[in-house]
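Trainee: Could we go through this structure together, with the reasons behind each label we put on it?
Mentor: Gladly. Let us have it in front of us.

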Amino acid sequence: MLIDQKMKMADVVLHDPTLVPVINRFGIHLGFGDQTIEEICKTHGLHVQFFVITLNAFHDKLYFPTEQLQSFKASLLIDYLQKAHRYFLEDKTPEIADLIERTLREDDVNKTTYGLIKKFFNEYREEFAKHIEREDQIIFPYVLKLEKALEAGTAEEQLLHKIQTHPIVEYEAEHEDVEAKIFDLKNIIIRYLPTPNNDALWYQILREIFTLEKELAEHARIEDLILIPKVEAMEKAIKGGN
Ligand SMILES: [Fe+2]
Ligand SMILES: [Fe+2]
């Protein structure tokens, strides 16, 4: 289903409830009644096109209107990505950590294996947090500087130097590492976990991990396919103009 602005938000969420955290990130919460996407965006002062495209990008893996997304300001994209970072760090990963902690409290027999899973998950969490920190502290400020320089029509020497020495292209490969780790975690649980006392709890953990994996893939897709090409184009424009 291709989502468009004339659709009722309720119908869209009924069709794909995994969009709830995405719309929350835009400041929209359940309780939208019968309003269309367009009406809701108007009330919330949101860029309708950007909103609809983001929903579609999450909803359908094959959908990607790269050219249209290129027309948005980088700051709009970064604001959205930063909200997603907070969601991963402050909601999602602590939730999974709490569930794993619960298995340790509730099952004496498998404590050693659960301890190893906990350790593996914590390592993953740390690595992931570092990845996000790098984006928040280094990549995003750099992108905002590029946008400002383009708007002003002039770039400082320091920025020009950075474009030459650390262009955005350097950072592209990183997502694969984060994704590989979560794949290993799923495998450890599904292949090597001894029969647990509480099947339902482990099922919940698995579901959370699968959801996180899907959300991360969508997030990385926006960064790799939209943000990076956009930044490459900005770098080129600045270099060309100086
Ligand atoms: Fe990110
Ligand atoms: Fe990322």
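**Labels and their reasons**

Mentor: Gly-27 is exposed, with 10 other C-beta atoms within 10 Å. Do keep in mind that this is a predicted model.

Trainee: Why is Gly-27 called exposed?
Mentor: A residue counts as exposed if 12 or fewer other C-beta atoms lie within 10 Å of its own. Gly-27 has 10, so the label exposed applies. Gly-27 sits in the loop between helix 2 and helix 3, and its C-alpha atom is 26 Å from that of Glu-67, 40 residues apart along the chain.

Trainee: And Gly-45, is that buried or exposed?
Mentor: Gly-45 has 7 other C-beta atoms within 10 Å, and the limit for exposed is 12 or fewer, so Gly-45 is exposed. Its place is the loop between helix 3 and helix 4. Gly-45 follows helix 3 and has a positive phi, near 65 degrees. Thr-18 is 27 residues from Gly-45 in sequence and 23 Å from it in space, C-alpha to C-alpha.

Trainee: What makes Val-52 buried?
Mentor: Buried asks for 20 or more other C-beta atoms within 10 Å. Val-52 has 23, so it is buried. Val-52 belongs to helix 4. Leaving aside neighbours within four places in sequence, its contacts are Ile-3, Asp-4, Gln-5 and Ile-37. The C-alpha atoms of Val-52 and Cys-41, 11 residues apart along the chain, are separated by 9.6 Å.

Trainee: Why is Pro-229 called partly exposed?
Mentor: Partly exposed covers the counts between the two limits, 12 or fewer and 20 or more. Pro-229 has 15 other C-beta atoms within 10 Å, so it falls in between. Pro-229 is in helix 10, and 8.9 Å separate its C-alpha atom from that of Ile-168, 61 residues apart along the chain.

Trainee: How do you know that the buried residues of helix 3 are on the same side?
Mentor: Those buried residues are Ile-37, Ile-40 and Cys-41. They cover an arc of only 100 degrees around the axis, which puts them on the same side of helix 3. An α-helix has 3.6 residues a turn, so residues three or four places apart point the same way. What covers the buried residues of helix 3 includes helix 1 and helix 4.

Trainee: Which residues have the most contacts inside the largest nonpolar core?
Mentor: They are Ile-37, Val-52, Leu-55, Val-143 and Leu-146, in a core of 31 residues. The elements giving two or more residues to this core are helix 1 (9–15), helix 2 (20–25), helix 3 (37–44), helix 4 (48–59), helix 6 (74–106), helix 7 (111–152) and helix 10 (199–241). Helix 4 gives the most, with six residues. Each of domain 1 (9–63) and domain 2 (73–241) supplies at least three residues to this core.

Trainee: What does Leu-146 touch, not counting residues up to four places away in sequence?
Mentor: Leu-146 touches Val-231, Met-234, Glu-235 and Ile-238. There is also a second, separate core of eight residues, which includes Leu-185, Trp-202, Ile-205 and Ile-209. As a general background, nonpolar side chains tend to be buried together in soluble globular proteins.

Trainee: How many domains should I think in terms of, and where do they lie?
Mentor: The domain assignment of the chain gives domain 1 (9–63) and domain 2 (73–241). Their centres, taken over C-alpha atoms, are separated by 22 Å. Seven residues from domain 1 and eight residues from domain 2 take part in the contact. On the side of domain 1 that touches domain 2, helix 2 and helix 4 are the elements that give two or more residues, and helix 4 gives the most, with four residues. By class, that side has four nonpolar, two polar and one charged residues.

Trainee: How many helices and strands does the chain have?
Mentor: The chain has 10 helices and zero strands. Its C-alpha trace spans about 65 × 50 × 25 Å along the principal axes. Of the 242 residues, 21% count as buried. Among contacts between residues at least 6 apart in sequence, 78% join residues at least 24 apart.

How values were computed
Residues numbered from 1 in each chain as written. Chains lettered and ligands numbered in written order. Predicted model: local features only at pLDDT ≥ 70, side-chain atom pairs only at ≥ 80, totals over all residues. Core = buried A, V, L, I, M, F, W, Y, C linked by C-beta atoms within 7 Å. Domains from an automatic or database assignment. Contact = placed C-beta atoms within 7 Å. Arc of directions from axis to C-beta. Nonpolar A, V, L, I, M, F, W, Y, C, P; charged D, E, K, R; others polar.
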